[in-house]
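Reader: I would like to go through the labels used for this model and see what each one rests on. Please set each value against its definition.

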Amino acid sequence: MLLHDTALVYGRYLRQSLRSRFALLFGVLTPLLYLLFFGPLLTDLPLGGRGSSWQVLVPGLLLQLGLFGALFAGFTVIVENGQGVVERMRVTPVGRLALLLGRVLRDATVFVFQAVLLVLAALVMGLRAPLAGILIGFAFVALLTVSLAALSYALGLKVRSPQEFGPLINAVSMPSMLLSGLMLPMSLAPAWLDVLSHLVPFRYLVDAVRDAYVGEYTSAHMLYGVLVAVGFAALAMTAGTRVFRTAGA
């Protein structure tokens, strides 16, 4: 029943996304602009990591796509909650986990699709990376999206208005982006900033994807990245499901 219920919720929200093709394309616009206007500035510069500048920049942009997109997913549940959609869905036989899982899987599908577009553009501009590494990067985008979207939906059910939601998300997203090394490796940072960045879980995901893009699949960075990504996803889904079960009850 969980698979059946999840498929119903997933299909409902995926159809909504497919009807908004402009939103799908414009969602990748910001990282694509970074790729086009920021990437050429880094060509042939020593960035403190292995591989080319594209193998450093593109993994960060992929995870930036998941970070910012998934964190703001909760706006939709605020609107639905205000219109009574969430409450009507809660009184159906569909399980609470399925209500959340269908949403986050739709988000993961959308952002992986956008990540594919971003990588294709990067390949045209000069990115060279092994296919296995690129596929691993997509897997990390999916896990990050599931984690952050689950927490975003949970927060969306807790706050009373978009005016409360937006500042909270900005307070999380900007430090996370700056301290995780999305744009440039934290190995270039001063020692105190590098140490502080290890407290941000996204740092481990970024390091893991950058290793994957140079063909390093058994490194310590990869191990830590997988453990953090899977553990974070499990905790986020647990917290999100609990909120969906109790919010408004």
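Reader: What makes the lining of the largest cavity nonpolar, polar or charged?

Author: The lining divides into seven nonpolar residues, no polar and no charged. They are Leu63, Leu67, Leu144, Leu182, Phe202, Leu205 and Val206. Ala, Val, Leu, Ile, Met, Phe, Trp, Tyr, Cys and Pro count as nonpolar, Asp, Glu, Lys and Arg as charged, and the others, Gly among them, as polar. The model is predicted: local features need pLDDT of at least 70 and side-chain atom pairs count only at pLDDT 80 or more, while totals for chains, interfaces and linings use all residues. Residues are numbered from 1 along each chain as its sequence is written, and side-chain values use heavy atoms, with hydrogens and water left out.

Reader: Why is this space called a cavity?

Author: On a 1 Å grid over the protein atoms alone, a cavity is a set of points where a 1.4 Å probe fits but cannot get out, and lining residues have an atom within 4 Å of a point. The structure holds one cavity of 30 Å³ or more, and the volume of the largest is about 30 Å³, taken as the space filled by probe spheres set on the points, which are joined across faces, edges and corners.

Reader: Which helix supplies the largest share of the lining?

Author: Helix 12 does, with three residues. Helices are DSSP runs (H or I, at least four residues) numbered from the N terminus.

Reader: How do you know that Arg12 and Glu80 form a salt bridge?

Author: A salt bridge needs a side-chain nitrogen of Lys or Arg within 4 Å of a carboxyl oxygen of Asp or Glu. The closest N and O atoms of Arg12 and Glu80 are 3.8 Å apart, so the pair qualifies. Arg12 lies in helix 1 and Glu80 in helix 6, 68 residues apart.

Reader: Is Glu80 buried or exposed, and why?

Author: Buried means under 20% relative accessible area, exposed over 50%, and partly exposed in between (1.4 Å probe, protein chains only). Glu80 is at 9%, and therefore counts as buried. Arg12 has 30%, so Arg12 is partly exposed.

Reader: What makes the contact of Arg203 with Asp207 a salt bridge?

Author: Their side chains meet at 2.9 Å, N to O, so the pair satisfies the cut-off already given. Both residues lie in helix 12, four residues apart, about one turn of the helix. Both are buried.

Definitions and conventions: On a 1 Å grid over the protein atoms alone, a cavity is a set of points where a 1.4 Å probe fits but cannot get out, and a pocket is an open set with protein on both sides within 12 Å along at least five of seven lines; lining residues have an atom within 4 Å of a point. Helices (H or I, at least four residues) and strands (E, at least two) are DSSP runs, numbered from the N terminus.
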